[in-house]
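Trainee: Could we go through this structure together, one question at a time? I would like to see how each answer is reached.

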Amino acid sequence: MMRRYIAKRIAQAVGVLWAAYTLSFFILVLLPGDPVTAMAGQGMDSAPVDPARLEALRAEYGFDQPAPLQYLEYLGRALTGDLGDSVATGRPVTQLITEALPQTLLLTASALTLALLFGGALAMAATYSERRWVRQFLLSLPPLGVSVPTFWIGLMLVQFFSFRNAWFPAFGNDGVKGLVLPAVTLAVPTGAQIALVLAKSLSTTLDEPYIATAKAKGAGRVHVHLRHALRNAALPALTVAGLLVGALMANAVVIETVFSRNGLGRVTQAAVAAQDIPVVQGVVVYGALVFVVVNLLVDLVYPLLDPRIVLAPTRPQAVAA
Amino acid sequence: MSGQLLETGTALGLPTTPDPAQSGSRGPDPARATRRTLAFFARRPGLVLSILIVLVVVVAAFAPGVFSSADPTRGVPEENFQAPSTAHWFGTDSLGRDLFARVVHGAQLSLRATLLAVSFAFVIGGILGLVAGFVGRWVDDVIMRFVDVVLSIPTLFLSLAVVTALGYGTTKVAIAVGVANIAGFARVMRAEVLRVRTALYVEAARGVGARWYTVLGRHVLPNSISPVLVLATLEFGTSILAVSSLSFLGYGAPPPAPEWGTLISDGRNYLANAWWLTALPGLAIAATVLATNRIARALESEVRQW
């Protein structure tokens, strides 16, 4: 049962990657706007280029062939791990991205950890408190957190913690200290969403009969909250955390620009500005890859927390047929 | 099959189609309805404030002159970097331009871009979801697989891909954000259509021989659209954020234009000596998003009560 579940999830993940590649290919290559002119000009505003050079470039990148043929050729190369070369720098796309990715992943992972810790703590405190105003105050924070532009939070933190009080560096990648502000910035919207979901599922779980049973048997409030309620209520929050990783990584790209950090953000910015199509496509595919891998992990951890997940999906179908 | 026929038969005898006119004015006494509406809003001061904020922003977007007579693009160089005061509510920037005027006029660009983005996603996503849910079978499979894929690519990356392909500009950024949001609309629309499609009144309409487009236009669409409209209000907030992120990154309108995201990225260079240049446009964005989210939540709980 377990093996079939895992195999199915992995097959789905591979399918999603293929489709992400295809979709980005069609957006980038088939939308109006001639990629070759842009490549030759290396940017948006530049003088017209010699037509012979355009033809040469077209042939080099295979853009003179019909779209389906181009697609098959590119897909074939992508399957062997070759996402093409950057037009602006001439370096292989995979190399460019894998160099920049660790910094971004470090930032994303730190932000996710902070978001889980603080979002979780907020939801716990809000549902644990018996005072109405404390509860309402705490529950009013997450909607605020998701409404504020992330890059603006970053700038405000820099303004306060770097310029007014020189506690943390405003720019760059140096060590743990340089990681604090961007990670906190990124954690705000994610933590807010996790808090929203967890608070909701905690309050429904706390109304379940088994909680009343536990209380009736003399378990303390803290014990009931942590051992009985949280274990069940954490599952939806876990799913949401997995789904948020994509947005978190995309936001990291913006936040890296705010804090002038090295990472995927700088690569992406440069690629979009130069209309460097292979690199942009690479970024999209790697973004989908991270998302797919994280959610695969969540799916694999899930049955350990809740064995019903593996058993359930195949049953209803059998009954329905 | 026979069960379906039986249901259709009972449906023919009973008027099960909900009458929208009836649910609109339930009580015969209009004064009581007004009193109930007032009580509804009196218990929700946050909602009233949100509606006011959205109204102000909408007026700013379509008639910026109402709030500020200053020219957003022409500055007085001697008056640069003035802190917020009664003369310049939001202070002035490096060129001595009135920041309040720039934020007000920026509402025009940013709100229009957001409106375009949401409408784009609403129309395309809505049609995809409608077709998937109504036609079913392999069409449903193909469309929903596509939707699943789009959902697994971070929306910002998708938007960046579209910006790369189309180029810079307010409209192009709006389309980029719209494309990235199609999937969500398709998913909700399909779910609603599937729910409504099996309802008794739809089967009854089919049973009396209504053509497919009548069933779709008169019965399925009106009864499945409201959750999608709620999603549209919710997406409005996230789209304001997405549009301002892209214009913050510099993909929006070229420099003199005061898009909200651009204002923040301009102010970034003077973070150490002129806090208002970043802080206040950001607050304008946050207030607008917070207000639309609050309204969306109110609408959501209304829709769920039906």
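Trainee: What pattern does chain A follow when it is read along the sequence?
Mentor: Bear in mind throughout that this is a predicted model. Chain A has 14 helices and zero strands, so every element that appears in its pattern has to be a helix under the run-based assignment used here. Read along the sequence, the pattern of chain A is therefore, with helices and strands taken as DSSP runs, the one written α-α-α-α-α-α-α-α-α-α-α-α-α-α.

Trainee: What share of the residues in chain A is buried?
Mentor: A residue counts as buried when its relative accessible area is under 20%. The accessible surface of chain A comes to about 16,000 Å², and 67% of that surface belongs to carbon and sulfur atoms. Of the 321 residues in chain A, the buried share is 46%.

Trainee: Which residue forms a salt bridge with A:Arg9?
Mentor: In general, side chains of opposite charge can pair when their charged atoms come close. For A:Arg9, the closest N and O atoms of the salt bridge are 3.0 Å apart, and the partner is A:Asp299.

Trainee: How many residues apart are A:Arg9 and A:Asp299?
Mentor: A:Arg9 lies in helix 1 (residues 2-30) of chain A, while A:Asp299 lies in helix 12 (residues 277-305) of chain A. The pair thus links distant parts of the chain, and the two residues are 290 residues apart.

Trainee: Is A:Arg9 buried or exposed?
Mentor: The cut-off for buried is under 20% relative accessible area, whereas its partner A:Asp299, with a relative accessible area of 24%, is partly exposed. A:Arg9 has 17% relative accessibility, and because this value is under the cut-off, A:Arg9 counts as buried.

Trainee: Which residue meets A:Glu99 in a salt bridge?
Mentor: A:Glu99 counts as partly exposed, at 48% relative accessibility, and the residue it meets is also partly exposed, with a relative accessible area of 28%. The N to O distance in this salt bridge is 2.6 Å, and the partner of A:Glu99 is A:Arg91.

Trainee: How many residues apart are B:Arg187 and B:Asp148?
Mentor: The side chains of B:Arg187 and B:Asp148 meet in a salt bridge, with 2.8 Å from N to O. B:Arg187 sits in helix 8 (residues 170-197) of chain B and B:Asp148 in helix 6 (residues 137-152) of chain B, and they are 39 residues apart.

Trainee: How many salt bridges does a search of the whole structure find?
Mentor: The pairs discussed above include A:Arg9 with A:Asp299 and B:Arg187 with B:Asp148. Over all chains, the search finds five.

Trainee: How far apart are the end C-alpha atoms of residues 111-296 of chain B?
Mentor: An unreviewed UniProt entry annotates residues 111-296 of chain B as "domain: ABC transmembrane type-1". In the model this span is 83% helix and 0% strand, and its end C-alpha atoms are apart by 17 Å.

Trainee: Where in chain B is confidence lowest?
Mentor: The mean pLDDT of chain B is 79, and 89% of its residues reach 70 or more. Over residues 1-25 of chain B the pLDDT is below 50, although this stretch has 17 contacts in the model beyond near neighbours in sequence. Confidence is highest in helix 8 of chain B, at 88, and lowest, at a mean of 38, in helix 1 (residues 2-13) of chain B.

Technical notes: Residues are numbered from 1 along each chain as its sequence is written. Chains are lettered from A and ligands numbered from 1 in the order in which they are written. This is a predicted model: local features need pLDDT of at least 70, side-chain atom pairs count only at pLDDT 80 or more; totals for chains, interfaces and linings use all residues. Side-chain values use heavy atoms; hydrogens and water are left out. UniProt positions are given in the numbering used here, feature names are shortened, and annotations may be inferred rather than shown by experiment. Helices (H or I, at least four residues) and strands (E, at least two) are DSSP runs, numbered from the N terminus. Buried means under 20% relative accessible area, exposed over 50%, partly exposed in between (1.4 Å probe, protein chains only). Accessible areas come from the Shrake-Rupley method with a 1.4 Å probe; for residues, only the protein chains shown count as cover. A salt bridge is a side-chain nitrogen of Lys or Arg within 4 Å of a carboxyl oxygen of Asp or Glu. pLDDT is the predictor's confidence in each residue, from 0 to 100. Contact means heavy atoms within 4.5 Å.
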